[in-house]
Amino acid sequence: MSGWRPTGAVVAIGFMLAFAGCTGSPADEAESTPTLPPPYDSERSGTVDLATGETIGYRCLGEGEPAVVLEAGTDAAGTSAFPGEFVASIAEDTTVCVYDRPGTSASSSDPPDRARGYDDLISVLDGVLAALELEPPYVVSGQSGGGNIAISYAMRHPERVAGLLTIDSYHDDPAEMAAWQAEEGFTWEDNPEHVDWVQAAAQQDAHPIPIGEFPVRILSATQADPGGVENQAYWLGLSSDARQIVIEGPHDLQWAAPDAVADEFRALLDELQQ
């Protein structure tokens with residue numbers, strides 16, 4: 001159930017330990033921006049102001065289409081959630097952009113003081129893509145809960161999606177999530193992004209699948225939660241062109257197995273250019 005996991009910094013002992021590691025980077029590495037190797041040291045980065053009032057920090061590398069958009073895990077900042085060399089290796093083939101969702105870093109605004117769902121998260125992503133003048137269709141991707149955001153974007157805008165790639169992103173059961181939140185007293189106010197993950201999961205579950213015929217690649221980790229590979233196979237129903245790739249490593253595959261993950265991005269981009 002990775003879509004709603006809190007970050008490793010706030011997880012409790014016992015049951016909650018199964019939900020650690022969704023920041024997308026080790027804590028010591030997430031504290032600073034990864035250094036990008038040449039020739040991408042002249043990256044495009046800064047902030048954009050959205051029509052809805054949010055200020056969003058972003059970083060883009062490379063040139064070309066389709067642009068790849070990477071969503072960080074739950075409560076994690078996109079600009080520090082992925083290794084610099086990993087992003088740069090994908091940027092050898094096309095444009096790659098990451099950004100910090102509201103509440104995830106000092107470079108972006110705080111989220112509204114209310115419960116938020118996928119509609120809110122997709123609205124922000126729509127605003128970022130427009131502000132950066134990135135033309136669809138895109139390759140939308142994300143790690144952990146970020147993959148759930150990418151899936152919801154593809155559900156909302158299938159015509160804007162060239163391909164979808166998730167990195168150890170689970171299919172969340174709204175009833176199980178609601179039971180856990182009731183037991184722990186956890187609400188939307190207890191996560192930095194102010195997302196009501198029960199509402200979000202229910203909204204995602206209610207959407208009919210398949211959602212399109214574009215390629216979908218589900219990357220699943222062998223050393224994450226027990227049953228994770230089987231759980232994530234649910235997403236094979238998203239498209240008639242869906243495939244699951246199991247990669248040796250823990251939940252944060254972009255850090256533990258960056259070459260293997262980057263290879264899957266390159267394979268997908270090659271398919272799209274044929």
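This is a guided tour of a predicted model, arranged as a series of selections to make in the viewer.

**The paired strands**

Begin by selecting strand 1, residues 44-49, together with strand 2, residues 55-61, and you will see two strands that run antiparallel and are joined by six bridges. Within this pair, Thr-47 stands opposite Gly-57 of strand 2, while Val-48 stands opposite Ile-56 of strand 2. If you then follow the chain from strand 1 to strand 2, you pass through the turn of a hairpin that has five residues between the two strands. Pick out Gly-53 in that turn, where phi is positive, at about 105 degrees.

Keep strand 2 selected and add strand 4, residues 96-99, which runs antiparallel to strand 2 and is joined to it by four bridges. Here Tyr-58 stands opposite Tyr-99 of strand 4. Is strand 2 mostly covered or mostly open? Strand 2 is mostly covered, since six of its seven residues are buried.

**Two aspartates with a positive phi**

Move next to Asp-75, which you will find in the loop between strand 3 (68-71) and helix 2 (84-91). Although Asp-75 is not a glycine, it has a positive phi of about 65 degrees. The relative accessible area of Asp-75 is 10%, and because the cut-off for a buried residue is under 20%, Asp-75 counts as buried.

Now select Asp-168, in the loop between strand 6 (161-167) and helix 5 (174-184). Asp-168 is not a glycine either, yet its phi is positive, at about 50 degrees. With a relative accessible area of 0%, Asp-168 is buried.

**Helix 5 beside helix 6**

From Asp-168, continue along the chain to helix 5 (174-184), and then add helix 6 (197-206) to the selection. How do the two helices lie relative to each other, roughly parallel or roughly antiparallel? Their axes come within 9 Å and cross at roughly 175 degrees, and because angles over 145 degrees count as roughly antiparallel, helix 5 and helix 6 are roughly antiparallel to each other. To display the contact, show the side chains of Pro-174, Met-177, Ala-178 and Gln-181 on helix 5, and of Trp-197, Val-198, Ala-201, Ala-202 and Asp-205 on helix 6.

**Two cis peptide bonds**

After helix 6, look into the loop that leads to strand 7 (216-221), where Pro-210 lies. The peptide bond joining Ile-209 and Pro-210 is cis, with omega about 5 degrees. For another cis bond, go back to Pro-136 and Pro-137, where the peptide bond has an omega near 5 degrees. Pro-137 lies in the loop between helix 3 (118-131) and strand 5 (138-143).

**Helix 9**

Finish with helix 9, residues 258-272, and consider its length: at 1.5 Å a residue, its 15 residues should span 21 Å, and its end C-alpha atoms are 21 Å apart, which agrees. Then colour the buried residues of helix 9, which are Val-261, Ala-262, Glu-264, Phe-265, Leu-268 and Leu-269. Where do these residues sit around the axis of the helix? They cover an arc of only 155 degrees, which means that they lie on the same side of helix 9.

Definitions and conventions
Residues numbered from 1 in each chain as written. Predicted model: local features only at pLDDT ≥ 70, side-chain atom pairs only at ≥ 80, totals over all residues. Heavy atoms only, no water. Buried < 20%, exposed > 50% of the residue type's maximum accessible area, 1.4 Å probe, protein only. Expected span 1.5 Å × (residues − 1). Arc of directions from axis to C-beta. Pairing = 2+ DSSP bridges. Axes fitted to C-alpha atoms, helices over the stretch in contact; angles between N-to-C directions. Parallel < 35°, antiparallel > 145°, perpendicular 65-115°, else oblique. Contact = heavy atoms within 4.5 Å.
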